[in-house]
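Here are some short exercises to work through with the coordinates open beside you. Try each task before reading its solution.

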Amino acid sequence: MKVLTANRLVDGEAVWFSAAHRWSETIEGSEIAADKAAEEHLEAIARAATDNNEVVDAALIDVQVVDGGIRPLRLREQIRAAGPTNRVDHGKQARPPVSQAA
Amino acid sequence: MYRYDEFDHEFVKARVAEFADQVERRLAGEITEDQFKPLRLMNGVYLQLHAYMLRVAIPYGTLNSRQLRMLAHIARKYDKGYGHFTTRQNIQYNWPALADVPAILADLASVEMHSIQTSGNCIRNVTADHFSGAAADEVADPRPYAEILRQWSSVHPEFSYLPRKFKIAVTGAERDRAAIKTHDIGLHLKRNEAGELGFAVYVGGGQGRTPMVAKKIRDFLPEADLLSYATAILRVYNLHGRRDNKFKARIKILVHETGAEELTRQVEAEWKSLRDGELKLPEADVRAIAAYFAPPLLPARPEGDEQVKLARLDSRSFSEWLDRNVTTHKNPDYAAVTISLKGIGETPGDASAEQMEAVADIAEKYGFDELRVSHEQNLVLPHVARADLKVVHDALAEIGLATANSGLITDIIACPGLDYCALANARSIPVAQEISQRFASLERQRDIGELKLKISGCINACGHHHVGHIGILGVEKKGTELYQVTLGGSADENTTIGEIVGRGFGPEEITDAIETVVETYLRVRRDSSERFIDTYRRLGAAPFKEALYGSEAKAA
């Protein structure tokens, strides 16, 4: 399973392409590609978003679904999704949980 | 310290305007990322895991309080209220928005600072001994020469597209505190028998995936020939350095593949045609630049000795700090103070905006407005009257910056690692934090004595692990972090590359492994005067391997 991630051009914020078809600042709710065709669809979105200068460094990353949440397989992507482990007051982890924020 | 002249001001201003325009065009979609990336890198803007990163140059690590306050202002206004001091004596901000970078650069320019050549395949920030101008053992202040090199190398048309980045360091003392032998060019400022100033020139040092100790190619280069000789070295490198393979593109590989003798011959041949040309440094110009670095007028403060003696009796924490963080000054009434940015369990090299501002106040009040950033990721007040040491200590203690661990095991160099860096394979900072906490007891640290521990999160070796007495290299193995331990490195006048001791350790094992190494040293050292590095050089890796791997080591 893969999701599409990138950094937003204007501020570098790590973003993920959501099931609602917009770039989201958190990994929750990302559009998950479960087969080759879905991956190709996300790759096309990545190219388009890069070409129109919305995002940079777009890439598909491997994820798994754990307890209903999307969890990247690689530590690097886990840290991107959460924030630096030495400063838990920074990055996505410092934000209020989605359920409370909504 | 050096003050910008009219040319410098115009040059930096023009560069800010140029980059502001480039950013604007990028955000408007007029240029692609492929076109923009080399431009942003030339201005110190990287893209990391969570955000952009801006690296600001601090030439030869020298700052005044106004500049440090501006760094604090930028941290607060455009970042998350802190900055990270680096091993190139620079500062990095981890969270700036690209759209804000032009405003940040304009703020920096207002205090004579910039981010030019903090990245890219050009000559990077020239570093120098952080005690320059203050150290009792220096022959002369190396910073005027670092400044001359800075002026010569800034947007140098011939050397802006080198095969790879190029780093120069200068020291003015026999005792090398600038790690010159780990640099592309290392310069040791000294006097010849006639009393004239010049340099021993070392070439081809470096870390990364192929660590090399620089080779001395000239024992004495007259001061006036600094730029012609540096040009000759850069020309030989620019011509023959490998552009076909990024991993073999540094000058260290050229020196290694060509051989130091042949490379020296090529450099000397090139130099012959250059040495009596326009690059010869006019004596008057050298002295004019040196005048900028003249030490402040230091009034006699002979009461310091008595005051320090009394305060030492009165305060244990002051006494401990005095032992570790205060360095002999060339003026007996004064001292150089190391401000540790290595509080127990903290991120090495980080300082909050409030801490920067408080340090700026202290520097202004007690330090003749002078500050340094050390390549060991600490700050330095180079000129403090011994009579003011107690009050400086107390002021630093108030902001959590009086940790008395300079040169001890918790004074760790660590790269940002996988917590921030897009190149990293493993985390560095949490490893540093855990080791720092394990060895938190100052009594224990003092018993262990001088021990340089350095951690990198990938083979690029930004955390200088190759030259740590104990080095730790984080790698990724089968999707998890693994830490290799090297022993016996050093980055002083006896520079050596550490040797890998054996198989690596997982994140949960690495602190125990380091403790095992340290306990082994304590067991086998001759006495407490034999430092870790000396014990390692005497006994080699065997006792440490035995302690770490036991029968496994015997079988191997």
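**Exercise 1.** Decide whether Ala426(B) is buried or exposed, and find its surroundings in this predicted model.

*Solution.*
- Step 1: start with the location. Ala426(B) sits in the loop between strand S16 (413-414) and helix H14 (429-438) of chain B.
- Step 2: count neighbours. Ala426(B) has 28 other C-beta atoms within 10 Å, so it is buried; the cut-off for that label is 20 or more.
- Step 3: list the contacts, leaving out residues up to four places away in sequence. Ala426(B) touches Gly417(B), Leu418(B), Gly457(B), Gly474(B), Val475(B), Glu476(B), Glu481(B) and Tyr483(B).
- Step 4: check a partner far along the chain. Pro507(B) is 81 residues away in sequence from Ala426(B), and their C-alpha atoms are separated by 9.4 Å.

**Exercise 2.** Work out where Asp67(A) and Gln89(B) lie, and whether each is buried or exposed.

*Solution.*
- Step 1: look at the backbone angles. Asp67(A) is not a glycine, yet its phi is positive, at about 50°. Gln89(B), also not a glycine, has a positive phi of about 60°.
- Step 2: place both residues. Asp67(A) belongs to the loop between S4 and strand S5 (69-72) of chain A. Gln89(B) is in the loop between strand S4 (82-85) and strand S5 (91-93) of chain B.
- Step 3: count neighbours. Asp67(A) is exposed because 5 other C-beta atoms lie within 10 Å. Gln89(B) is buried because 26 other C-beta atoms lie within 10 Å.

**Exercise 3.** Find which residues of the largest nonpolar core touch the most other members, and which helix gives the most to this core.

*Solution.*
- Step 1: pick out the hubs. The core holds 130 residues, and Val337(B), Ile339(B), Met356(B), Val359(B), Leu381(B) and Val517(B) touch the most other members.
- Step 2: find the main contributor. Helix H12 (residues 353-366) of chain B gives seven residues, the most to this core.
- Step 3: inspect one hub. Setting aside residues up to four places away in sequence, Val337(B) touches Asn325(B), Val326(B), Val380(B), Leu381(B), Val384(B) and Val392(B).
- Step 4: look for a second group. Another core, of 45 residues, lies apart from the largest one, and Val126(B), Leu187(B), Phe199(B) and Ala230(B) are among its residues.
- Step 5: recall the background. In soluble globular proteins, nonpolar side chains tend to be buried together.

**Exercise 4.** Describe H12(B), then follow Met356(B) to its partners.

*Solution.*
- Step 1: check the geometry. H12(B) has 14 residues and reaches 20 Å from first C-alpha to last, close to the 20 Å expected at 1.5 Å a residue. Just after H12(B), Phe368(B) takes a positive phi of about 55°.
- Step 2: read off the buried residues of H12(B). They are Ala353(B), Gln355(B), Met356(B), Glu357(B), Ala358(B), Val359(B), Ala360(B), Ile362(B) and Ala363(B).
- Step 3: focus on Met356(B), which is in helix H12 of chain B. Met356(B) counts as buried because it has 29 C-beta neighbours inside 10 Å.
- Step 4: name the partners. Beyond four places in sequence, Met356(B) is in contact with Leu68(B), Leu71(B), Ala72(B), Ala75(B) and Ala351(B).
- Step 5: add a separation. Arg69(B) is 287 residues from Met356(B) along the chain, with 6.6 Å between their C-alpha atoms.

**Exercise 5.** Find what covers the buried residues of helix H11 (residues 316-325) of chain B.

*Solution.*
- Step 1: identify the buried residues of H11(B). These are Phe318(B), Glu320(B), Trp321(B), Leu322(B), Arg324(B) and Asn325(B).
- Step 2: identify the cover. It includes helix H10 (304-314), strand S11 (326-328), strand S12 (334-339), helix H13 (389-398) and helix H15 (442-448) of chain B.

**Exercise 6.** Break down the contact between chain A and chain B.

*Solution.*
- Step 1: count residues. The contact takes 22 residues from chain A and 22 residues from chain B.
- Step 2: trace the chain A side. Strand S4 (55-66) and helix H2 (75-82) of chain A each supply at least two residues. H2(A) gives the largest share, four residues.
- Step 3: sort by class. The side of chain A that touches chain B has seven nonpolar, nine polar and six charged residues.

How values were computed: Residues are numbered from 1 along each chain as its sequence is written. Chains are lettered from A and ligands numbered from 1 in the order in which they are written. This is a predicted model: local features need pLDDT of at least 70, side-chain atom pairs count only at pLDDT 80 or more; totals for chains, interfaces and linings use all residues. A nonpolar core is a set of buried Ala, Val, Leu, Ile, Met, Phe, Trp, Tyr and Cys residues joined through C-beta atoms within 7 Å. A residue is buried if 20 or more other C-beta atoms lie within 10 Å of its own, exposed if 12 or fewer, and partly exposed in between; C-beta atoms are placed from the backbone. Two residues are in contact if their C-beta atoms, placed from the backbone, lie within 7 Å. Ala, Val, Leu, Ile, Met, Phe, Trp, Tyr, Cys and Pro count as nonpolar, Asp, Glu, Lys and Arg as charged, and the others, Gly among them, as polar. The expected span of a helix is 1.5 Å times one less than its number of residues.
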